[in-house]
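Trainee: Please choose one part of this structure and take me through it slowly. I'd like to know what it touches and how it sits in the rest.

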Amino acid sequence: MSFSQLGLVGLVLYLFMLVGLALVARRARQDASPADHFLANRGLGLFVVFLTLYATAYSGNSLLGYPGEAYRRGFSWVMATGFMMAITVVFHILVPRLRPIAMRERFVTPGDWVRHRFGDAPGGQALRWVIGALMAVALANFLLAQLMAMGHVTSEVTGGAVPYAVGVVGLAALILFYETVGGMRAVAWTDAGQGVLMLVGLLLLLTWLLGDAGGLASLTESVRAVRPDAVRVPDTVERTNWVSTIVLLGLASVVYPQAIQRIYAARSGRTLARAFALMTFMPLITTLVVTLIGLAAIPRFEALGAVQADTVMPRILESWAAAGPGSSALAVLVFVGALAAIMSTADSCLLSLGSIVAVDLMGRDRHEAATTKLGKQYAAAMMVVLVGVALFPRFTLWRLIELKMELLIQCVPAFLLALHWPGLRARPVLFGAVAGTLLAAGAALLGEKRWAGVHVGVVGLALNLAVVMAMALIERRRA
Amino acid sequence: MGKIRAGLLVLIGVLYALSIPWYREGGADPELWLGLPDWVAVAVLCYAGAAVLNAAAWLVTDVRDEDEGDA
């Protein structure tokens with residue numbers, strides 16, 4: 001059986017498993033409330049919380065975008081291990097303060113915090129809408145990146161037997177099915193299985209690559225031989241970009257709506273703390289591993305000329321599959337793991353998106369069963385639109401991630417600052433978020449990514465914070 | 001407990017600062033260490049240390065499920 005045939009078999013088996021899990025999750029449903037559908041009735045235990053956080057954070061970006069970036073930028077992409085770990089460090093500022101309030105007030109969406117914190121004070125309602133809109137746009141962007149990644153993986157690994165467009169449409173329909181049927185339970189349970197598959201697959205692939213290269217030192221020397229710049233100490237702009245990326249990803253990722261909802265969904269605070277203690281090690285066995293995989297592609301593909309960054313991982317899988325029948329089966333496992341990781345992020349985005357649009361933007365009651373239905377309908381509508389966009393891709397995956405982060409990071413003061421600054425009012429946060437967003441989005445639309453290595457989103461956050469501080473000072477003097 | 005956690009977070013910050021090769025001239029050709037360019041090996045060791053400290057910090061963090069006060 002050829003690799004592409006094995007890939008198809010693996011894909012079909014995996015998809016059947018997802019449908020089965022969704023039906024089991026449906027039976028475990030306790031009621032039709034938004035808390036049950038969007039948060040699994042706040043009953044997720046340690047390993048499910050840990051694996052769902054893991055599978056949600058490590059996505060198509062990790063599996064396709066990061067090896068592509070390591071291939072493009074060389075060893076300086078070790079920064080990815082740092083910024084992925086920074087996320088679990090920055091959560092220290094958010095989780096211990098937010099979790100008790102969220103439990104007491106029965107939060108369902110991230111906007112519930114903004115509503116609780118700023119209420120109907122001047123600017124409070126507008127701030128809730130701005131934060132909801134930023135999160136919805138960022139989630140839609142993230143979901144779009146996952147849809148594109150699903151299309152690339154299925155097309156590349158099945159040798160075109162499943163074309164890009166069929167991969168995008170078919171898998172999007174399946175995600176919509178199990179998310180609608182099973183809600184957070186289906187998403188979290190499939191995340192758990194997907195997380196394990198991804199981890200095992202990546203470790204096996206790295207083992208093969210290192211064995212094939214003759215060890216880590218040989219691999220590094222091979223990279224140096226074909227592309228010396230990939231090994232050299234990065235220059236000042238690249239080092240500045242290293243800091244900027246840690247700030248951008250570390251801060252923006254903690255206000256991921258789907259991550260915030262997992263803080264609400266955990267069974268207990270202790271469970272959550274233990275899950276984060278486990279999560280902190282995952283960059284070393286996931287991000288570092290995919291970075292090395294991308295680096296191993298440099299000596300393999302350098303002679304082929306320009307290789308599109310997003311296709312590095314599928315090309316490596318093809319090389320592995322060609323090494324023999326055993327490798328072929330293992331490569332299929334990695335393929336399914338990669339697809340699993342991508343789908344797990346997509347389903348989390350979709351679930352969050354539905355709840356944010358229904359509750360935070362449309363203002364529906366977060367405790368009513370009708371809100372659950374409405375959230376599902378909005379999620380379906382968004383999915384249809386995004387599938388249409390994904391069929392005509394214009395950006396690389398990493399660029400999509402950066403765009404998302406540049407918007408999301410503007411929500412940071414409304415969460416991290418507002419949790420620790422009791423006197424902070426809504427209007428300074430609102431004006432700060434608007435100013436930061438206009439700067440970051442404007443620069444991005446003009447084609448600016450970074451200034452002297454600093455992401456425009458980080459510059460936008462600096463402006464955002466400056467506006468917050470200045471306005472807070474003015475309001476205090478007036479009072 | 002709060003002081004231990006704060007101390008651990010400060011140490012993590014120090015490791016993050018050390019992970020970026022400000023101490024080397026940009027464009028320099030590195031030696032290999034642990035099979036990696038030396039500045040990459042330093043970064044990986046810093047992140048491994050940060051992971052251990054961060055896990056410890058989470059294990060001493062009291063994440064309560066209810067509170068009396070407000071933010």
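**A close look at Cys411(A) and its surroundings**

Mentor: Let's start with Cys411(A): once you ignore the neighbours within four places in sequence, its contacts are Ile131(A), Leu134(A), Met135(A), Val255(A) and Ala433(A). Contact here is a distance test, with C-beta atoms, placed from the backbone, lying within 7 Å. Keep in mind that this is a predicted model, where local features need pLDDT of at least 70, side-chain atom pairs count only at pLDDT 80 or more, and totals for chains, interfaces and linings use all residues. Residues are numbered from 1 along each chain as its sequence is written, while chains are lettered from A and ligands numbered from 1 in the order in which they are written.

Now zoom out a bit. The largest nonpolar core holds 198 residues, and Cys411(A) is listed among those touching the most other members, together with Leu143(A), Leu147(A), Phe335(A), Ala338(A), Ile342(A) and Leu353(A). A nonpolar core is a set of buried Ala, Val, Leu, Ile, Met, Phe, Trp, Tyr and Cys residues joined through C-beta atoms within 7 Å. Buried means 20 or more other C-beta atoms within 10 Å of the residue's own, against 12 or fewer for exposed and partly exposed in between, with C-beta atoms placed from the backbone. The biggest contributor to this core is α15(A), which gives 21 residues. Helices and strands are DSSP runs numbered from the N terminus: H or I over at least four residues for helices, E over at least two for strands.

So who packs on α15(A)? Helix α11 (residues 257-265) of chain A does: its axis comes within 9 Å of the axis of α15 (residues 325-361) of chain A, and the two cross at roughly 85°. Axes are lines fitted to C-alpha atoms, for helices over the stretch in contact, and angles run from 0 to 180 degrees between N-to-C directions. That crossing makes α11(A) roughly perpendicular to α15(A); the bins are under 35 degrees for roughly parallel, over 145 for roughly antiparallel, 65 to 115 for roughly perpendicular and oblique for the rest. From α11(A), Pro257(A), Gln258(A) and Gln261(A) make the contact, meeting Ser348(A), Cys349(A), Ser352(A) and Ile356(A) of α15(A). By type, that is 3 nonpolar, 4 polar and no charged, with Ala, Val, Leu, Ile, Met, Phe, Trp, Tyr, Cys and Pro taken as nonpolar, Asp, Glu, Lys and Arg as charged, and the others, Gly among them, as polar.

Helix α11(A) also packs with α3 (residues 46-57) of chain A, at about 175° with the axes 11 Å apart. That angle makes α3(A) roughly antiparallel to α11(A). Here Val49(A), Thr52(A), Leu53(A) and Thr56(A) of α3(A) meet Gln258(A), Ala259(A) and Arg262(A) of α11(A), a mix of 3 nonpolar, 3 polar and 1 charged. Note that Gln258(A) also appears in the contact with α15(A).

As for the chain around all this, chain A has 20 helices and 2 strands. Of its 479 residues, 61% are buried, and 84% of its contacts between residues at least 6 apart in sequence join residues at least 24 apart.

Finally, chain A has a partner: 46 of its residues are in contact with 39 residues of chain B. On the chain A side, α5(A) provides the largest share, 14 residues, and that side as a whole divides into 28 nonpolar, 10 polar and 8 charged.

Technical notes
Two residues are in contact if their C-beta atoms, placed from the backbone, lie within 7 Å.
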